Amino acid sequence: MSLKIKHLNGDTTFLLTFSPTEQRPPSHRYGYPPGTFSVLVDPWLTGPSSMWHPKFLLSKHTVPSCITNLSHIPEPNVVLVSQDKPDHCHEPTLRQLDPTSSLTNVLAVPGAAKKIRGMKHFDQFRVHALPVYSSKDADSVIRFYIPPLSPGGAAGEATIAYVPAKMDVSGLHNALGITYRPPTAAPSAPPMHHTPKPEFRYSNFSSPYAYHQMRNMPPTPPESPPQRP
């Protein structure tokens, strides 16, 4: 697999693009190969960011962002917002996203998700509050199903988990875990008359690529090896 990281501003806005290693024809106008999964993190491109009142705290970029509008990048699969503070949850920049998109889901920490829903810009079914990760709760990891590259290939998966810092009242030190397992194409072999599809259970997401749990697939990330005594 490959991972491209594009720093879009002088702060914490990044575009992460995960792609399979197989060289396959692009699937749309941006030239991404099938199986690509992209995450836009904490978008803030232009304009000031103020907290409560501009006289209390007003932040500005000291250097221009490398783009001025989110229409200048491919439509992301996920917009990930790590804080509810305005330099991470920036309303004017978020409003640059297409509210009618059938591809993009907005995942945010609970406080930020509440603010984004309050903007009334996105379909409410596409804005999701991240659950706190627990190793005892499989549903605390958000899972995205990525279709195989060809019939008979293996499906891929992307996951996102939210791990807040303990005793952090400010909510400024959250950790967000992202994993990606690329889908594969079937190796050269005689064609099969029937290719079984992986079983899955639909999640609360309305995106055709988003599911909570998929059976008959290895875990992502792989299980850690047992520790030696």
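Mentor: Before we start, a residue is buried under 20% relative accessible area, exposed over 50%, and partly exposed in between. Keep in mind that we're looking at a predicted model.

Trainee: Okay, which class does Leu-3 fall into?

Mentor: Leu-3 sits in strand β1, residues 2–7. Its relative accessibility is 41%, and partly exposed is the class between 20% and 50%. So Leu-3 counts as partly exposed.

Trainee: How much accessible area does the nonpolar patch with Leu-3 have?

Mentor: Leu-3 shares that surface patch with Met-1 and Ile-5. Taken together, the three have an accessible area of about 290 Å².

Trainee: Let's go inside. How many residues are in the largest nonpolar core?

Mentor: Among the residues with the most contacts inside this core are Phe-37, Val-39, Leu-107 and Phe-144. Elements giving two or more residues to the core include β3, α2 (110–119), β9 and β10. The core's residue count is 38.

Trainee: Phe-37 and Phe-144 both turn up there. Are those two rings stacked, tilted or edge-to-face?

Mentor: The model has two aromatic pairs. In the one made by Phe-37 and Phe-144, the ring centres are 5.2 Å apart, with 55° between the planes. Stacked needs under 30 degrees and edge-to-face over 60, so with planes at 55° this pair is tilted.

Trainee: How many residues apart are Phe-37 and Phe-144 along the chain?

Mentor: Phe-37 belongs to strand β3 (residues 37–41), while Phe-144 belongs to strand β9 (residues 142–146). That pair links distant parts of the chain, and the separation is 107 residues.

Trainee: And are Phe-37 and Phe-144 buried or exposed?

Mentor: Phe-37 has a relative accessibility of 4%, and Phe-144 has a relative accessible area of 2%. The cut-off for buried is under 20%. Therefore Phe-37 is buried, and Phe-144 is likewise buried.

Trainee: How many of the residues of β9 are buried?

Mentor: In a regular strand, side chains alternate between the two faces of the sheet. In β9, one side has Ile-142, Phe-144 and Ile-146, the other has Arg-143 and Tyr-145, and both faces are covered. The number of buried residues in β9 is five of five.

Trainee: Which residue in β10 is the bridge partner of Tyr-145?

Mentor: Strand β10 covers residues 156–163 and runs antiparallel to β9, with five bridges joining the two. For Tyr-145, the bridge partner in β10 is Glu-157.

Trainee: Which residue forms a salt bridge with Glu-157, with the closest N and O atoms 3.3 Å apart?

Mentor: Four salt bridges are found in the structure. This one links strand β10 to strand β9, with its two residues 14 apart in the chain. Both of them are buried, and the partner of Glu-157 is Arg-143.

Trainee: Which residue joins Arg-143 and Glu-157 in one salt-bridge network?

Mentor: The network comes from salt bridges that share partners. Alongside Arg-143 and Glu-157, its other member is Arg-181.

Trainee: What about Asp-84: which residue does its side chain meet in a salt bridge?

Mentor: The N to O distance in this bridge is 3.0 Å. Asp-84 has 23% relative accessibility and so counts as partly exposed. The partner is buried, at 18%; its name is Lys-85.

Trainee: What is the N to O distance between Arg-95 and Glu-91?

Mentor: Arg-95 is partly exposed at 37% relative accessible area, and Glu-91 is partly exposed at 35%. Their side chains meet in a salt bridge, with an N to O distance of 2.9 Å.

Trainee: Now the loops. Is Asp-42 buried or exposed?

Mentor: Asp-42 lies in the loop between β3 and β4 (49–50). Its phi is positive, near 45°, though Asp-42 isn't a glycine. With a relative accessibility of 2%, against a cut-off of 20%, Asp-42 counts as buried.

Trainee: And Lys-120, buried or exposed?

Mentor: Lys-120 also has a positive phi without being a glycine, at about 55°. Its place is the loop between α2 and β8 (127–129). At 71% relative accessible area, Lys-120 is over the 50% cut-off and therefore exposed.

Trainee: Last one: what distance separates the C-alpha atoms of Leu-103 and Pro-76?

Mentor: Leu-103 is in the loop between α1 (91–94) and β7 (105–108), and is partly exposed at 23%. Along the chain, Leu-103 and Pro-76 are 27 residues apart. Their C-alpha atoms are separated by 7.4 Å.

Conventions: Residues are numbered from 1 along each chain as its sequence is written. This is a predicted model: local features need pLDDT of at least 70, side-chain atom pairs count only at pLDDT 80 or more; totals for chains, interfaces and linings use all residues. Side-chain values use heavy atoms; hydrogens and water are left out. Rings of Phe, Tyr and Trp (its six-membered ring) pair if their centres lie within 6.5 Å; planes under 30 degrees apart count as stacked, over 60 as edge-to-face and the rest as tilted. Helices (H or I, at least four residues) and strands (E, at least two) are DSSP runs, numbered from the N terminus. Buried means under 20% relative accessible area, exposed over 50%, partly exposed in between (1.4 Å probe, protein chains only). Two strands pair if DSSP finds at least two bridges between them. Patches are made of residues with over 30% relative accessible area and no salt bridge: like charges are joined within 9 Å, nonpolar side chains (Val, Leu, Ile, Met, Phe, Trp, Tyr) within 5 Å. Accessible areas come from the Shrake-Rupley method with a 1.4 Å probe; for residues, only the protein chains shown count as cover. A nonpolar core is a set of buried Ala, Val, Leu, Ile, Met, Phe, Trp, Tyr and Cys residues joined through side-chain atoms within 4.5 Å.
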